[in-house]
Amino acid sequence: MRIFKHPILDFPKKKVIHFQFDGVEFSGVEGDTIASALYANGIKKLSESVERHRARGLYCAIGNCSSCYMTVDHIPNIKTCVTPLSEGMIVESQIGKGVIR
Amino acid sequence: MTNKELIIVGGGPAGLAAAYTAAQTGCHVLLIDRNPQMGGQLIKQTHKFFGSEKQFAKTRGLNIAKKLISDVETCSDRIEIICDATVVGLYADQVVNVLHNEKYYKYHFDALIIATGAGEKMLAFENNDLPGIYGAGAVQTLMNLYGVLPGQNIVMVGSGNIGLIVSYQLIQAGVHVKALLEAAPKIGGYKVHASKLRRLGVDILTQTTIQRAIGNGCVNQIETIELDDSWKPIKGTEKLIDVDAVCIAVGLSPLYQLLAMGGAELKYVPELGGMVPIVDGLHQTTINNIFVAGDVAGVEEASSAIVEGYLSGLAAAAKIGYQQPDYQKSIADYQQQLKNLRSGPFGAKIRAGLKKVEAKTNA
Amino acid sequence: MLDKTGVATPEQVKSRFPQPEQLLKPKAIIECYEDIPCNPCSTSCPFHAIEIGDDINNQPQLNVDLCTGCGICVTSCPGLAIMTAEIRNNLAIFKIPYEFLPYPEPNSIWNGVNRDGKVICDANIVKVLLTNKQDKTVLVTVSVDKKYLYDFVTVRNKNE
């Protein structure tokens, strides 16, 4: 869910950016990170933990904690909480350690 | 390898303030930040700040960030800024290694100020790794920077100033704060913040903590439990609360890793949030010409970080030959400001912590 | 109580009110009950009615005679801990800080809320002021029955 009205901050309408998450089309806006766009779409489970396959979402949102790693444009272990969203990105849940192709 | 006079790591309140005072002396500064924009956590602070005019009291944090950034921009002939750049190495021969746009750059420095700030602490409880459980800073980032709600129904864990302030910000954004939990018998932060929440109808539950989170793929319920006077859970006081988000605000710990890599002497000081460098009165670490400013030297309010930045900027510049005629007077003023900010009952912990890290060379 | 719940005791609250006869003109009610490093109330007051002194951790002291109840401190206090109060006939009239959407509309009836977050009365919105200087903290003038003088603290939309 996005905030449209706020007593202190302005959230002007921004350009829409299209991307794919696990094969499904989604959209975010300019200024989003990959994770913020997914959360705005109600997606909180980003990946699974390496060994026990527990659900992983974002925890720190500033690139400290590694909880938000995903595979982006076929590159694994991308910190999606600080990586800007861009048009046409292919974002995938990462199961395991990821594979470098 | 390029030589730089003064390199500052971190463009939050401390780093920006340091860059400004250093540049005022004529010193050339390279300011490095790993984020796409300067300002650190200040850019998400929507509340008006405490302190006095010298620390921009009654100005909202995001506007303090704008002011500090514009101050730095007025010195663009002496301050070079690189954003999206992470300092990944600090070596004994006064060299840092910087990762920027997938390339490494090496810089030699005459003086270095480390102003890397602090990171959020985690709390141990069952299923604390479920998505929907966030640090308070993450919630602020999502809401105030990206305009995305972390959830609709949230429980806050921790009643320090961050927990209290972020709860209020959540309500401003339209989120229902179902309760605020505090394990201690008393509210940790300023009571004015707590009163603001209480009159909005938020239950502040002291001697209560989160025991476990419940959910499949995302948190949808939590179980709270009351604690007795010796902090032991009281059986039978468990309660379930439906939530779609939980916010953990149990404190911050300094991001000391670069200092450790450089070999600065560190000490574990719980009052300051964790591992902190031993420093002298001018915030120089045990490594010659390496200074610190802000939360990396001990977690405090941003107001103190700004003043520490001003002080360290001047001190580091002076150390490499840029000493102003009124240097002693300015340093004394900043030291007095810090003393004022820390002199009340809320500063007691900080005062105790700082005593433990004062370098022996001071004596 | 304040330490545990965030709610000041009735004695604490009353200690911040001047005598009723002094409230025939609006006066600042400063609910800052602990020593915290902060002084914008004092520096913002154009009448020098709020004294903190050199140690910014001191609690503000109000000089009731100098206070005009203008409300500048109300929107300057970072803790939103100040309002003004005035007694006019059967009404207690307050100026309170407000930072939520939607803003109250003048001449509408909102819920009056006490320090414990409970709805206690109807509150008539008299005036809603927002200037650049207030920096997005709205100053709402509101009147309630005089008997809620020591209980009323804020307003809440009837729909909430």
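**Exercise 1.** In this predicted model, at what angle do the axes of helix 1 and helix 7 of chain B cross, and within what distance do they come?

*Solution.* Take helix 1 of chain B as residues 13-24. Helix 7 of chain B covers residues 302-319. Their axes come within 7 Å and cross at roughly 35°. The crossing is right-handed. Next, list the contact residues. Helix 1 of chain B contributes, among others, Gly15(B), Ala18(B) and Ala19(B). From helix 7 of chain B come residues including Ala305(B), Gly309(B) and Gly313(B). Finally, sort the contact by class: 15 residues are nonpolar, five polar and one charged.

**Exercise 2.** Which residues touch the most other members of the largest nonpolar core, and which helix gives the most to it?

*Solution.* The largest nonpolar core has 123 residues. Leu6(B), Ile8(B), Ala19(B) and Ile113(B) touch the most other members. Helix 7 of chain B gives the most to this core, with eleven residues. Now take Ile8(B). Leaving out residues up to four places away in sequence, Ile8(B) touches Gly15(B), Ala18(B), Ala19(B), Val29(B), Leu31(B), Ile32(B), Ile113(B) and Ala115(B). Another core, of 67 residues, lies apart from the largest one. Its members include Leu38(A), Tyr59(A), Tyr146(B) and Ile222(B).

**Exercise 3.** How many residues of chain B are in contact with chain A, and which element of chain B gives the most to that side?

*Solution.* Start with the count: 25 residues of chain B meet 27 residues of chain A. Then assign elements. Strand 7 (118-120), strand 8 (133-135) and helix 3 (136-145) of chain B each supply at least two residues of this side. Helix 3 of chain B gives the most, with six residues. By class, the side of chain B that touches chain A has eleven nonpolar, ten polar and four charged residues.

How values were computed. Residues are numbered from 1 along each chain as its sequence is written. Chains are lettered from A and ligands numbered from 1 in the order in which they are written. This is a predicted model: local features need pLDDT of at least 70, side-chain atom pairs count only at pLDDT 80 or more; totals for chains, interfaces and linings use all residues. A nonpolar core is a set of buried Ala, Val, Leu, Ile, Met, Phe, Trp, Tyr and Cys residues joined through C-beta atoms within 7 Å. A residue is buried if 20 or more other C-beta atoms lie within 10 Å of its own, exposed if 12 or fewer, and partly exposed in between; C-beta atoms are placed from the backbone. Helices (H or I, at least four residues) and strands (E, at least two) are DSSP runs, numbered from the N terminus. Two residues are in contact if their C-beta atoms, placed from the backbone, lie within 7 Å. Ala, Val, Leu, Ile, Met, Phe, Trp, Tyr, Cys and Pro count as nonpolar, Asp, Glu, Lys and Arg as charged, and the others, Gly among them, as polar. Axes are lines fitted to C-alpha atoms, for helices over the stretch in contact, and angles run from 0 to 180 degrees between N-to-C directions. A crossing is left-handed if the near helix is turned anticlockwise from the far one by less than a right angle, and right-handed if clockwise.
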